[in-house]
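I sat down with this one to go through packing, rings and surface in turn. My notes follow in the order I looked things up.

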Amino acid sequence: MLLKLPLKLIAFPAALVVTLAQWAGVFLTSFAGAILYILSGLCFLIAVLGYLMGIHTGSEAACMFGVGFVAFGLPLVAGWLIGKASVLNAALWDFIKS
């Protein structure tokens, strides 16, 4: 018990930092996710319509599909990272409470 006390004193500020980072990440991911989902939909729509109307070549449309895919995938990757941060946060708080 006495040997864990210094580790708990070190873990407490780390847990606070991880908690604040998790909250900020959730807020920024949800806000940026909405914008990036709209952007990816527009990229997909412009790529399809530009290719069908003959404005873009196949390679240009493929590049726009790639941009749309990356814009769609970024919030998903950020959500995965926030999930990992929440697991770390729970482990730190469990260690502090033990």
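Before anything else I fixed my terms: buried means under 20% relative accessible area, exposed means over 50%, and partly exposed is what falls in between. I also noted that this is a predicted model.

**Entry: the Phe-27 and Phe-31 rings**

I tried the cut-off on Phe-31, and at a relative accessible area of 51% Phe-31 is exposed, because the bar is over 50%. Phe-27 is exposed too, at 56%. I then asked myself how many aromatic pairs there are by the ring rule. The count comes to four. Phe-27 and Phe-31 make one of them: I get 6.4 Å between the ring centres and 5 degrees between the planes, so this pair is stacked. The centre distance is inside the 6.5 Å limit, and the angle is under the 30 degrees needed for stacking. Both residues sit in helix H1, four residues apart, which puts about one helical turn between them.

**Entry: a ring pair across two helices**

Next I went to Phe-44 and Phe-65. Their centres are 5.4 Å apart and the planes stand at 50 degrees, which I log as tilted. Which helices do the two rings come from? Phe-44 is in helix H1 and Phe-65 is in helix H2, so this pair ties together parts that are 21 residues apart in sequence. I checked the cover on Phe-65 as well: its relative accessibility is 36%, so I put it down as partly exposed.

**Entry: the core**

I looked up the largest nonpolar core and found five residues: Ala-11, Ala-15, Val-18, Leu-92 and Ile-96. The elements giving two or more residues to it are helix H1, running 4–52, and helix H2, running 58–97. H1 gives the most, with three. I then listed what Ile-96 touches, leaving out residues up to four places away in sequence, and got Lys-8, Ala-11, Phe-12 and Ala-15.

**Entry: Phe-12 and Lys-97**

Phe-12 turned up in that list, so I followed it. Phe-12 is in helix H1. Is Phe-12 buried, exposed or partly exposed? I get 39% relative accessibility, so partly exposed. Setting aside neighbours within four places in sequence, I find Phe-12 in contact with Trp-93 and Ile-96. I took two C-alpha distances from Phe-12. To Ala-62, 50 residues along the chain, I read 49 Å. To Lys-97, 85 residues along the chain, I read 10.0 Å. Lys-97 lies in helix H2, and at 70% relative accessibility it counts as exposed.

**Entry: Ala-61**

I moved on to Ala-61, which is found in helix H2. It has a relative accessible area of 4%, so it is buried. What does Ala-61 touch, not counting residues up to four places away in sequence? I wrote down Ala-47, Tyr-51 and His-56. I also took its C-alpha distance to Phe-31, 30 residues apart along the chain, and got 27 Å.

**Entry: the nonpolar surface patch**

Last I pulled up a nonpolar patch on the surface. I list its members as Ile-38, Leu-42, Leu-45, Ile-46, Leu-49, Tyr-51, Leu-52, Met-53 and Ile-55, with about 960 Å² of accessible area together. Tyr-51 was already in my notes as one of the residues Ala-61 touches. I spot-checked Leu-45, which lies in helix H1. Its relative accessibility is 45%, so I count it as partly exposed. That value is over the 30% a patch member needs.

Notes: Residues are numbered from 1 along each chain as its sequence is written. This is a predicted model: local features need pLDDT of at least 70, side-chain atom pairs count only at pLDDT 80 or more; totals for chains, interfaces and linings use all residues. Side-chain values use heavy atoms; hydrogens and water are left out. A nonpolar core is a set of buried Ala, Val, Leu, Ile, Met, Phe, Trp, Tyr and Cys residues joined through side-chain atoms within 4.5 Å. Buried means under 20% relative accessible area, exposed over 50%, partly exposed in between (1.4 Å probe, protein chains only). Contact means heavy atoms within 4.5 Å. Rings of Phe, Tyr and Trp (its six-membered ring) pair if their centres lie within 6.5 Å; planes under 30 degrees apart count as stacked, over 60 as edge-to-face and the rest as tilted. Patches are made of residues with over 30% relative accessible area and no salt bridge: like charges are joined within 9 Å, nonpolar side chains (Val, Leu, Ile, Met, Phe, Trp, Tyr) within 5 Å. Accessible areas come from the Shrake-Rupley method with a 1.4 Å probe; for residues, only the protein chains shown count as cover. A salt bridge is a side-chain nitrogen of Lys or Arg within 4 Å of a carboxyl oxygen of Asp or Glu.
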